[in-house]
Amino acid sequence: MNILQLRTEFSDNGPGTQTLTISTELRSRGHKVVLASSGGHLTKKIKKAGFEYYIIPEIAFGKRTFFNLVKSILSIRKILIKEKISIVHAHNATSVLLANIASFLAFKKVKFFQSVRGVEIRENYGWRNRIYNLAKYNAMFAVSKFTKKAIVNFGVNSKKVIVTYNGVDLNRFDINKRNEYRLEIRNEFNIPQNAFVIGIVGRQDGIKGHKDLIKTFKLLYESHPNLYVILVGGGSETEINRKLSIDMGINDRCIFTGLRLDVEKIHAAFDIFTLLSKKGYEMFPNVIIESMSYGNPFVGTNTTGVPEAAERGEGFICESDDIECFREKFDLLINDKHLKDKMSQRAKKSVEEIFNITKVVDKIEKTYKQF
């Protein structure tokens, strides 16, 4: 099969990385895979991986004028013809709609699929979901059961929505390299090898709970002198969060790394992972299962598809903004080694059996052929 993996931009470390991971696995199975987007942080990694990669600047979210949309459609049309594309696998709704029009103009029969990693669930923004009824799909890949339910509520045929979850590349997140990576990252940030580390990975924009983690760490700081927190990611609230840690007097054990693209090493330095996202955000965060691949149990929040990653006892779920619950669960994992080890084994097993890229692409490849 000749497959175009299409996304408006590769400017993030979650959905963008997942597209590259899926593409790599499909290519290893003998399929021709090309990628296209407006660019982004992952451009170097995509090119280094040896993919044919088309840059369409006009398709970027911030450039969506009528003229640029037309240019984007014509660019996609050229790719469909030149690369003899039979399948378009889009990774956001706008790109699949543009590809629909491009295939019509190319007089080319193409199958259309979309991995849905986010839907608009905020009040007064529901109109944005109409795009799911405008575009033509052979099938959709939902990253959680919550996502599938939301899509079906928009009017999409439930038989055409396949739950795949996200998948971890276990060659990249290699458990056999964990100790090597752990030593490297802890040395980089002068963290003792015997320290207990809570880690968070995500953009610091007020959504993923960095501020709540700092506040929770304050409650644990005095009673756990060997406890450190690593906050990974850039964003508009980075300096606000850094100042908060200083004002609280805990900044000596709060490590701010900024944006990192070597998360396969970063996760190895953690003992617990956390993502304390606000209600109504996220969908099924890739970073949770990436950390689980190293046996890191997690503390998350009861929002969208996040609880599905803890259904087999891989983590604890609290309500958003519940600082006391966060403190209690962290404290429990720090103090109860038997419990932590038990959850660690469950986390690794879930990634091996469910949340790995081989299992995910098995479903994707089967759906390509069936629909």
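Where is Ala 102 found? Keep that in mind as you go through these points.

1. A word on the model first: it is predicted. Read what follows with that in mind.

2. Back to the opening question: Ala 102 is found in helix α4. Its relative accessibility is 0%, so Ala 102 counts as buried. Leaving out residues up to four places away in sequence, Ala 102 touches Ile 73, Ile 76, Arg 77 and Leu 80. For a sense of distance, pick out Ile 198, which sits 96 residues from Ala 102 along the chain; the C-alpha atoms of the two are separated by 47 Å.

3. Now for the inside. In soluble globular proteins, nonpolar side chains tend to be buried together. Here, the largest nonpolar core has 97 residues. The residues with the most contacts inside that core are Leu 4, Ile 76, Val 88 and Tyr 132. You have already met Ile 76 as one of the residues that Ala 102 touches. There is also a second, separate core of 21 residues, and Leu 26, Ile 46, Ile 162 and Tyr 368 are among them.

4. Tyr 132 deserves a look of its own. If you set aside neighbours within four places in sequence, the contacts of Tyr 132 include Ala 93, Gln 114, Val 116, Gly 118 and Val 119. Tyr 137, Met 140, Phe 154 and Val 156 are in contact with Tyr 132 too.

5. Next, the outside. Phe 66, Val 70, Leu 74, Ile 101, Phe 104 and Leu 105 make a nonpolar surface patch of about 610 Å². The elements giving two or more residues to this patch are α3 (66–82) and α4 (93–105). Take Phe 66, which lies in helix α3: its relative accessible area is 69%, so Phe 66 is exposed. Compare that with Ala 102, which is in helix α4 but is buried at 0% relative accessibility.

6. On to the cysteines. A disulfide is a covalent bond between the sulfur atoms of two cysteines. The count here comes to one disulfide, formed by Cys 318 and Cys 325 with their sulfur atoms 2.1 Å apart. The link is left-handed, with -75° about the S-S bond. Both partners count as buried, Cys 318 at 2% relative accessibility and Cys 325 at 13%. Why is Cys 254 left without a bond? Because the closest cysteine sulfur, in Cys 318, is 19 Å from the sulfur of Cys 254, and that is too far. Cys 254 is buried as well, at 6% relative accessibility.

7. Charges come last. Side chains of opposite charge can pair when their charged atoms come close. How many salt bridges does the structure hold? There are 25 salt bridges. One of them joins Lys 278 and Asp 321 (2.5 Å, N to O). Lys 278 is in the loop between β11 (272–275) and α11 (286–292), while Asp 321 is in the loop between β13 (315–318) and α12 (323–335), so this pair ties together parts that are 43 residues apart in sequence.

8. Arg 242 and Glu 239 make a more local pair: both lie in helix α9 (residues 238–247), three residues apart, about one turn of the helix. Their closest N and O atoms are 3.3 Å apart. Arg 242 is partly exposed at 30%, and Glu 239 counts as exposed at 52%.

9. Finally, try tracing a network: salt bridges link Glu 25, Arg 29, Asp 362 and Glu 365. Within that network, Glu 25 and Arg 29 meet at 3.0 Å, N to O. Glu 25 counts as buried at 16% relative accessibility, whereas Arg 29 is partly exposed at 26%.

Definitions and conventions
Residues are numbered from 1 along each chain as its sequence is written. This is a predicted model: local features need pLDDT of at least 70, side-chain atom pairs count only at pLDDT 80 or more; totals for chains, interfaces and linings use all residues. Side-chain values use heavy atoms; hydrogens and water are left out. Patches are made of residues with over 30% relative accessible area and no salt bridge: like charges are joined within 9 Å, nonpolar side chains (Val, Leu, Ile, Met, Phe, Trp, Tyr) within 5 Å. Accessible areas come from the Shrake-Rupley method with a 1.4 Å probe; for residues, only the protein chains shown count as cover. A salt bridge is a side-chain nitrogen of Lys or Arg within 4 Å of a carboxyl oxygen of Asp or Glu. Helices (H or I, at least four residues) and strands (E, at least two) are DSSP runs, numbered from the N terminus. Buried means under 20% relative accessible area, exposed over 50%, partly exposed in between (1.4 Å probe, protein chains only). A nonpolar core is a set of buried Ala, Val, Leu, Ile, Met, Phe, Trp, Tyr and Cys residues joined through side-chain atoms within 4.5 Å. Contact means heavy atoms within 4.5 Å. A disulfide is a pair of cysteine sulfur atoms within 2.5 Å.
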